[in-house]
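Subject: Handing over the structure

Dear colleague,

I am passing on the structure we spoke about, together with some notes for someone who is coming to it fresh. Please open it first and keep it beside you while you read what follows.

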Amino acid sequence: MSQNIKAVIYDCDGVLFDSFEANYAFYHLILERFDKPALDRADLDTMRILHTHCNKDVLEYLFAGDSRMDEVRAFSAGIDYRKLFPLMVMEQGLRETLDALKGRVELAICTNRASSMDILLASFGLDGYFSCVMTAGRVQNPKPHPEPLFKVLEHYGLAPHEALFVGDSDVDRRAAEGAGVPFVAYRGDLDCATKIVRHQDLLLLL
């Protein structure tokens, strides 16, 4: 990686936090309310979708062809996600890495979460690090569309090659590719050139 990197953009779920249990519990509440079968943890395709896609797409997947979609969306919007924060675990080494990067590069988030992001960052004491938080609620087309990353670049007035996007899913990789932003895979088994297994490894790339 070159010295020209001026911004590091992070995905949220699976990168900043292990939020698998919180997401599972969130969609479990919705399915239970509408008398749908519980989620099968062994169904890897469904687990991947609920963990990487935006809320609107996940609900459309779980309730495909269901005439109650408006009710489902309204119920989903009314869930207080803060009650699920105790199920979320901040990734090890994240805060130390952000401390090392702060002031050297711009720090941003690009997530398919639609809301709850500001409260989530505040509750973990991370709200002082990120100068741009791009959510699915602030764009027409969430990831894997590149629009959210384009908006982050626009916010800072940067060219795609001046940023890095750290993600953990194919949805992230495709968004980065579409925006022309160099991609760094955090853990996982993504097939890409640059991978890190610990947050601190990012410092070696910059």
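A good place to begin is the pair formed by lysine 36 and aspartate 66, whose side chains make a salt bridge in which the closest N and O atoms are 3.7 Å apart. Lysine 36 sits in the loop between helix 1 (20-33) and helix 2 (44-52), while aspartate 66 sits in the loop between helix 3 (55-62) and helix 4 (69-78), so the salt bridge ties together parts that are 30 residues apart in sequence. The two partners can also be described by their accessibility: lysine 36 counts as partly exposed, at 25% relative accessibility, whereas aspartate 66 is buried, with a relative accessible area of 15%. Please bear in mind throughout that this is a predicted model.

That pair belongs to a total of 17 salt bridges in the structure. Another of them joins lysine 6 to glutamate 162, with the closest N and O atoms 2.8 Å apart. Here the link is between distant parts of the chain, since lysine 6 is in the segment before strand 1 (7-10) and glutamate 162 is in the loop between helix 7 (147-156) and strand 6 (163-167), 156 residues apart. Lysine 6 is partly exposed, at 43% relative accessibility, and glutamate 162, at 14%, counts as buried because the cut-off for that class is under 20%.

Helix 3 and helix 4 are linked by a salt bridge as well, in which the side chains of glutamate 60 and arginine 73 meet at 3.2 Å, N to O. Glutamate 60 is in helix 3 and arginine 73 in helix 4, the two being 13 residues apart. Glutamate 60 is partly exposed, with a relative accessible area of 33%, and arginine 73 is also partly exposed, at 31%. Through salt bridges that share partners, Lys56, Glu60, Asp70 and Arg73 are joined into one network.

Turning to helix packing, how are helix 1 and helix 2 placed relative to each other? Their axes are 10 Å apart and meet at an angle of about 100 degrees, and the two helices are therefore roughly perpendicular to each other. On the helix 1 side the meeting residues are Phe20, Asn23, Tyr24 and Tyr27, and on the helix 2 side they are Met47, Leu50 and His51. By class, this contact has five nonpolar residues, two polar ones and no charged ones.

Histidine 51, in helix 2, is worth following further. Histidine 51 is buried, with a relative accessible area of 15%, and, leaving out residues up to four places away in sequence, touches Asp13, Gly14, Ser19, Phe20, Asn23 and Asp168.

Gly14 and Asp168 come up again around tyrosine 186, which lies in strand 7 (residues 183-186) and is buried, with a relative accessible area of 1%. Beyond its neighbours within four places in sequence, tyrosine 186 is in contact with Gly14, Val15, Glu91, Val166, Gly167, Asp168, Ile196, Val197, Arg198 and His199. Tyrosine 186 and glycine 14 are 172 residues apart along the chain, yet their C-alpha atoms are separated by 8.2 Å. The side chain of tyrosine 186 also makes a polar contact, at 3.5 Å, with the side chain of arginine 187.

With best wishes

How values were computed:
Residues are numbered from 1 along each chain as its sequence is written. This is a predicted model: local features need pLDDT of at least 70, side-chain atom pairs count only at pLDDT 80 or more; totals for chains, interfaces and linings use all residues. Side-chain values use heavy atoms; hydrogens and water are left out. A salt bridge is a side-chain nitrogen of Lys or Arg within 4 Å of a carboxyl oxygen of Asp or Glu. Helices (H or I, at least four residues) and strands (E, at least two) are DSSP runs, numbered from the N terminus. Buried means under 20% relative accessible area, exposed over 50%, partly exposed in between (1.4 Å probe, protein chains only). Contact means heavy atoms within 4.5 Å. A polar contact is a pair of N or O atoms within 3.5 Å; within protein, one must be able to donate a hydrogen and the other to accept it, and residues adjacent in sequence count only if both atoms are side-chain atoms. Axes are lines fitted to C-alpha atoms, for helices over the stretch in contact, and angles run from 0 to 180 degrees between N-to-C directions. Angles under 35 degrees count as roughly parallel, over 145 as roughly antiparallel, 65 to 115 as roughly perpendicular and the rest as oblique. Ala, Val, Leu, Ile, Met, Phe, Trp, Tyr, Cys and Pro count as nonpolar, Asp, Glu, Lys and Arg as charged, and the others, Gly among them, as polar.
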